[in-house]
Amino acid sequence: MRPIKILFSLLFLSCSFVSVFAQELVINHLNVITMLDDKVLEDHSIYVKDGVIMEIAPENEISAVGVRTLDGRGMYIFPGLAEFHGHLPNPEQYGPEFQEEVMMLYLANGVLRIRSMLGHESHLALRDRVMKGELLGPRTFVSGPSFNGNTVADPEAGRAMVRAQKAAGYDHLKLHPGLDTPKFLAIADEAKKQGIFYGGHVSLDVGLVTSVTRGYRSVEHIDGFLEAMLPDGTVIDPTVSGPFNMNLVGQVDKSRLAGLIQLCLENKTWMAPTMTLFERYFGYQPAYELRQQPEMLYLPGLLVTQWFNTKSKMEADGVLAEAKVKPYLEFRQWLFLELHKAGVSMIMSSDSPQVFNVPGFSIHREIESMSKAGMSNYEILKTGTVNPAKYMGQEGQWGVLKPGAAAEFVLVQKNPLEDLTTMQKPQAIMIQGKFIQRDELQLELNLIRQKYLRQ
């Protein structure tokens with residue numbers, strides 16, 4: 001059977017992505033990055049059936065007979081990327097169609113798994129539609145609504161919220177600032193009893209040490225470290241300390257980090273760094289420049305305007321002056337790399353959609369930030385592949401390319417272990433048993449952009 005070239009435009013495929021390739025295929029002449037290690041299997045074939053990888057081997061060793069074949073033409077294949085701190089929109093925010101568009105923005109950027117961290121009941125239905133194959137989207141995990149000082153009236157109310165969210169089917173609990181220690185301890189205890197992961201921001205009254213030792217699965221935004229590294233007796237005045245207390249960075253005692261790292265390692269605490277969030281939302285790059293970036297055209301104009309107004313006000317108030325912000329961003333880069341070098345596990349995360357972080361596109365900006373901080377290409381890929389599966393307790397089921405694992409992968413033109421930018425333009429993806437080429441992904445992007453076309 002004559003192989004079909006992957007990049008050939010298949011005009012008979014519809015926008016619903018129901019294709020002849022949905023069930024069983026072999027792709028030949030690929031360079032396979034399995035993520036089981038940092039090696040590349042050159043000129044290999046991958047045999048996929050019903051959404052599962054059956055074989056990875058040289059072409060003459062593949063056992064499939066009579067199966068449609070594709071010619072990978074020397075492209076590289078890897079398990080795709082993750083956005084493990086996202087915020088799926090609610091249906092009242094620009095309609096339920098926007099939720100589906102966000103899912104497509106992720107896929108078109110090679111993001112094949114997401115963890116949404118601010119829950120809404122509609123997210124459960126969205127996740128279930130994806131799981132059933134009714135909606136094209138990345139593998140999805142969702143947290144419940146926020147636990148914070150306003151939503152948790154007392155410790156028993158916190159316990160009741162945990163039980164309710166577990167019963168509703170959420171995958172994770174999201175904690176925000178404002179919790180006092182009794183409320184936090186009740187939430188943490190009940191979450192352990194119910195067997196549900198929890199993590200998030202670090203409340204000032206609770207602190208990083210208590211959060212980590214009481215079972216935080218993930219610390220979002222590398223939160224709480226700055227405060228834990230301040231000298232004893234430091235008074236934090238939120239009216240002058242700035243966002244995330246960034247104005248106190250000059251008082252940090254870096255010698256305290258070693259003890260905090262040891263706690264994280266002992267308690268197997270993960271980090272969701274969201275480096276690009278701070279560089280764009282709280283950074284000193286002007287809002288008017290960020291507003292003009294091409295990816296903003298894939299979002300409702302009102303949303304981008306809201307982001308512009310939010311950041312512009314902070315700029316006008318002098319909150320984001322370079323002299324204030326630059327030392328804090330440099331501290332975050334240093335902190336990120338020190339945690340990584342010490343072996344603290346990281347999950348790829350950018351916090352999208354959030355101020356000037358567009359779903360999918362922002363993950364590539366996060367990758368740039370991780371690379372700039374000093375993380376190797378292979379380790380960066382691990383944060384978006386192997387690590388999210390480990391985080392969810394599903395190691396080996398996805399996020400790697402091996403027989404028996406989910407057939408979720410991305411094809412790119414160059415070796416991402418050498419060139420990270422190649423991942424910005426997936427040539428094809430495979431998800432939910434469907435093989436989707438670049439032309440179709442681009443068509444979907446064009447339709448979204450056309451919908452939000454602005455003069």
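Reader: At 31% relative accessibility, what does His 29 count as?

Author: In this predicted model, the value of 31% makes His 29 partly exposed, because that label covers the range between the cut-offs of 20% and 50%. His 29 has its place in strand β2, and its phi is near 60°, a positive value in a residue other than glycine.

Reader: Where does Gln 432 lie, and what is its phi?

Author: Gln 432 belongs to the loop between β15 (428–431) and β16 (434–437), and its phi, near 55°, is again positive in a residue other than glycine. With a relative accessible area of 25%, Gln 432 is partly exposed.

Reader: How should I read the pairing of β2 with its partner strand, and in which sense do the two run?

Author: It helps to begin with a general idea about strands: in a regular strand the side chains alternate between the two faces of the sheet. In this structure, strand β2 (residues 24–32) pairs with strand β3 (residues 41–49) in the antiparallel sense, over 6 bridges, and within that pairing Val 26 stands opposite Tyr 47 in β3. On to the next strand, β3 pairs with β4 (residues 52–57), also in the antiparallel sense, over 5 bridges, with Val 48 standing opposite Ile 53 in β4. The hairpin of β3 and β4 has 2 residues between the strands, and Asp 50 in this hairpin takes a positive phi near 50°.

Reader: What is the strand order in the open sheet of 4 strands?

Author: The order of that open sheet is β10-β11-β12-β13, and the pairing is parallel. An edge strand pairs on one side only, which is the case for β10 (172–175) and β13 (270–272). Neighbouring strands of this sheet are turned against each other by 25° on average, if direction is ignored. Looking at one of these pairings, β12 and β13 run parallel and are joined by 3 bridges, and the bridge partner of Val 219 in β13 is Met 271.

Reader: How can I tell which residues of helix α7 are buried?

Author: The general idea rests on the geometry of the helix: an α-helix has 3.6 residues a turn, so residues three or four places apart point the same way. In helix α7 (residues 257–266), the residues Leu 257, Leu 260, Ile 261 and Cys 264 are buried. Seen down the axis of α7, these buried residues fall within an arc of 100°, so they line one face of the helix. On the other side of α7, Ala 258 and Glu 266 are exposed.

Reader: What do the buried residues of α7 pack against, and what comes just after the helix?

Author: The buried residues of α7 pack against α5, α6 (225–228), β13 and α11 (322–341), and this list includes β13, an edge strand of the sheet we have just read. Just after α7, Lys 268 takes a positive phi of about 55°.

Reader: How many aromatic pairs does the structure have?

Author: The count comes to 16 aromatic pairs. One of them joins Phe 84 and Tyr 391, whose rings meet edge-to-face, at 6.2 Å centre to centre and with 85° between the planes. Phe 84 lies in strand β7 (residues 81–86) and Tyr 391 in helix α14 (residues 386–391), so this pair ties together parts that are 307 residues apart in sequence. Phe 84 is buried at 0% relative accessibility, and Tyr 391 is buried with a relative accessible area of 0%.

Reader: What angle lies between the planes of Phe 184 and Tyr 216?

Author: The angle is 55°, and the pair is tilted, because only planes over 60 degrees apart count as edge-to-face and only those under 30 as stacked. The centres of Phe 184 and Tyr 216 are 5.9 Å apart. Phe 184 lies in helix α4 (residues 181–194) and Tyr 216 in the loop between α5 (207–213) and β12 (218–220), so the pair ties together parts that are 32 residues apart in sequence. Phe 184 is buried at 2%, and Tyr 216 is buried at 3%.

Reader: Which residues form one aromatic cluster, and which charged end sits over the ring of Tyr 391?

Author: The cluster is formed by Phe 84, Phe 141, Phe 197, Trp 270, Tyr 391 and Trp 398. Over the ring of Tyr 391 sits the charged end of Arg 217, 5.0 Å from the ring centre. The charged end of Arg 332 sits over the ring of Phe 278, 3.6 Å from its centre.

Terms used: Residues are numbered from 1 along each chain as its sequence is written. This is a predicted model: local features need pLDDT of at least 70, side-chain atom pairs count only at pLDDT 80 or more; totals for chains, interfaces and linings use all residues. Side-chain values use heavy atoms; hydrogens and water are left out. Rings of Phe, Tyr and Trp (its six-membered ring) pair if their centres lie within 6.5 Å; planes under 30 degrees apart count as stacked, over 60 as edge-to-face and the rest as tilted. Buried means under 20% relative accessible area, exposed over 50%, partly exposed in between (1.4 Å probe, protein chains only). A charge sits over a ring if NZ of Lys or CZ of Arg is within 6 Å of the ring centre and within 35 degrees of the ring normal. Two strands pair if DSSP finds at least two bridges between them. Axes are lines fitted to C-alpha atoms, for helices over the stretch in contact, and angles run from 0 to 180 degrees between N-to-C directions. The arc is that of the directions from the helix axis to the C-beta atoms. Contact means heavy atoms within 4.5 Å.
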